[in-house]
Number of protein chains: 4
Amino acid sequence: MSVTLLFPDAGDEAGPGKREQTKAQNRDAILKAARAVFSELGYEAASVRDIIRRTGLASGTFYNYYRSKEEVAKALVADVAQRLRPILRAQREQAHDFESYLNGAIRAYFQFIIDELRNWGPGRPRGDRNPYIKVQTPGQGAVFEEIQASINLVLELGLGPRVDTEFLTAALIGVAQNIGEKMLARDPIDLDAAADFAVNLILHGVSAMPRRHPA
Amino acid sequence: MSVTLLFPDAGDEAGPGKREQTKAQNRDAILKAARAVFSELGYEAASVRDIIRRTGLASGTFYNYYRSKEEVAKALVADVAQRLRPILRAQREQAHDFESYLNGAIRAYFQFIIDELRNWGPGRPRGDRNPYIKVQTPGQGAVFEEIQASINLVLELGLGPRVDTEFLTAALIGVAQNIGEKMLARDPIDLDAAADFAVNLILHGVSAMPRRHPA
Amino acid sequence: MSVTLLFPDAGDEAGPGKREQTKAQNRDAILKAARAVFSELGYEAASVRDIIRRTGLASGTFYNYYRSKEEVAKALVADVAQRLRPILRAQREQAHDFESYLNGAIRAYFQFIIDELRNWGPGRPRGDRNPYIKVQTPGQGAVFEEIQASINLVLELGLGPRVDTEFLTAALIGVAQNIGEKMLARDPIDLDAAADFAVNLILHGVSAMPRRHPA
Amino acid sequence: MSVTLLFPDAGDEAGPGKREQTKAQNRDAILKAARAVFSELGYEAASVRDIIRRTGLASGTFYNYYRSKEEVAKALVADVAQRLRPILRAQREQAHDFESYLNGAIRAYFQFIIDELRNWGPGRPRGDRNPYIKVQTPGQGAVFEEIQASINLVLELGLGPRVDTEFLTAALIGVAQNIGEKMLARDPIDLDAAADFAVNLILHGVSAMPRRHPA
DNA sequence: CATGAATGAGCATTCATTCAT
DNA sequence: AATGAATGAATGCTCATTCAT
């Protein structure tokens, strides 16, 4: 027979009580597990069970924090947004013409995905299942949402060229996304090369690009 | 003793037997249902059962034609490739400089996805499930594979500008994909506007773009 | 601040918690159902679904306890082995010549299958399906394994006659199995008659058998 | 366009017409396939589909000859019975005492299963699935039925010792079955050794057995 | 709040059997 | 009589979610 004495909140001092602390820990553990699982299996293929397993918690516990896979994904998205948004805002506020904004924003974006790489895993190894299907994780989706919003803000403020802004946004996003991806796939990762390429292409087009091999 | 005369295929005008006919019909029905289901639910979320239900056939019948969801997807991909490839090849063969190739290829691609629109559904209405996750159908994946291959061919032949071809391909694909998508979402669909925008952007960059609203 | 006193296992007389109790009950229910189903349908013909149905539990519950039909069978086998093995060991240790061992082992075996009768059902009523095919349940298979092992031990120790031990074991098993079966089919069950017959036959052969009907 | 001329029964001469011939061929092919499949997979695990596949015929054709797996099994059983029965009958008629009958019958049985070995495969390789479960093919079941019937005939005629004939039959069958099995498993197969062992055991019991290794 | 067993809907797949050709 | 596609019941198993402890 054993007697267990628990003192769950044994102090007056400020800070989260043990209760709140564990709650935060669990919430974090679930988010971390979800990030890993989404990255490894892809969002759709991942199951709540996968996340729970990774967590080590009891299955019921998951539902004390999130009601479904979708909800965890939303939380993940919010997390990314919260970290990326101020960075992009800073770029907007610093920039005084479109060129400088573009340069700053693209570099900020590239830096961000480099930093996140360690959270997300190498990209999409689950492409094995079907080589033609690109799978996004909620985090990746969130990043694009953010930069899209940022670009729109700038364009709507009239800072950019006076062109079809919807098309322009779409194009910028496409370039950033795809070049960013290639950048991550290379070793070593060369942010400057990728950013210069993207910015130059968008600003001056292919015709003004520096020759790669001045044969 | 009896003499039996069989005329199993009595003439050139004879069509396929009833058996072959219904077989072809079923195969088609399954492909059509799969296309619709993939488009509505996304490839990963779609289940074989969903496809079967859409088909109206008995569940066992599906397996007389395809062994799995993956196999139907492959068939869908092959179908797209088979239709898109000759078009892109023609563009490559006609073009004598990068500008003309780019123009032709982008228009061909835009035309193709306009034609396919009715097969693919309006884009991705299954974003309801998670608005941050872009889901590709096998068909869409196949299209990108094809144009990527086409671009690579051209760039490797030295027709294009002498820049980092991997980055360039990535950027072109990104621009085409995202602008194409916006084009489809507009009503009326204006291929010329979209193609002009994309081609100009890539060739001369934002700086040389015509003003949209010469206010 | 709060003090929580937990008495998770407060004493020797405390039984298992309700959770553990129902778990044990379920495990037992599954085993019992499996025994019945194997006995009625035969091992191969029995499906996991059959066992589940018999159980009254939800289908998923089965898989909380066993991963497959094979696993339940293994549990059944282990159960039989655990109960039969010590009995046979005792016989071996008591016996000082082959005759006494044989007598003890056969009686022990016959007694065991009489006791198990209520678990196994009457033998193989599923012969309806095909009267020529004898079907064994995992339990029956386990019993034969055990007595075979026991006989082999004795023979290898040199206690038995110095003959081809593989053949001898095979013959003993065959006699015990088939006479035991006939014994169970009779009403009333007469263990002594069956055991005497089997032991005498093996020891002295048909020539020395007592006449049945001294007409 | 092709014209096919078939002369399915082009003659008056006796013998089966092509029609009957193909019918017999198909029937045979099915039986042969069934034998092989039962032997490889076990009776229960074998499916009608397995048999059909092995046959090369169309699935529908099977049902023109047999209505189910059970029916093919019955046909297989009848076939074995038809071949084994006269052999055993001859033994009965030749024998004038129990000893000679037993000797003849056991040898006949052993010879038969040696001959059939090539039809049945090596015994039961599908024991992998569950090592405790012995699986019988319909053919094997049929053989035991036959020799059991033969023994019963002899015993009921009063030729054998006046003992409990049901028990005696059971014991004989058990010995013959198990020793026969061991005989088949050895290389080289030694019919005489096995038969001598079995006959001696039954007639005189273990006490009178010749020592194996007169150390 | 944490736990983890119970639940039953759902899924992929196979199979015996039928029947139009 | 042969064919082989169609059928839909059945199977093994997984999963999200609930809820008593």
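So, start at A:V48: one of its backbone N or O atoms sits 2.8 Å from a phosphate oxygen of DNA strand F. I'd call that a polar contact, meaning a pair of N or O atoms within 3.5 Å; within protein, one must be able to donate a hydrogen and the other to accept it, and residues adjacent in sequence count only if both atoms are side-chain atoms.

Quick housekeeping: this is a predicted model, where local features need pLDDT of at least 70, side-chain atom pairs count only at pLDDT 80 or more, and totals for chains, interfaces and linings use all residues. Residues are numbered from 1 along each chain as its sequence is written, chains are lettered from A and ligands numbered from 1 in the order in which they are written, and side-chain values use heavy atoms, leaving out hydrogens and water.

Back to strand F. D:T61 puts a polar side-chain atom 2.9 Å from a phosphate oxygen of DNA strand F, and for B:K23 a side-chain N or O atom is 3.4 Å from one. How many residues surround DNA strand F? It's 34, with C:K18 and C:R49 among the closest; near here means a heavy atom within 4 Å. Sugar and phosphate make up 58% of the strand F atoms that come within 4 Å of the protein.

Now DNA strand E. This one is surrounded by 34 residues, and the closest include B:K18 and D:V48. A:N26 has a polar side-chain atom 2.7 Å from a phosphate oxygen of DNA strand E. What about the bases? A polar backbone atom of C:G60 lies 3.4 Å from a base nitrogen of DNA strand E.
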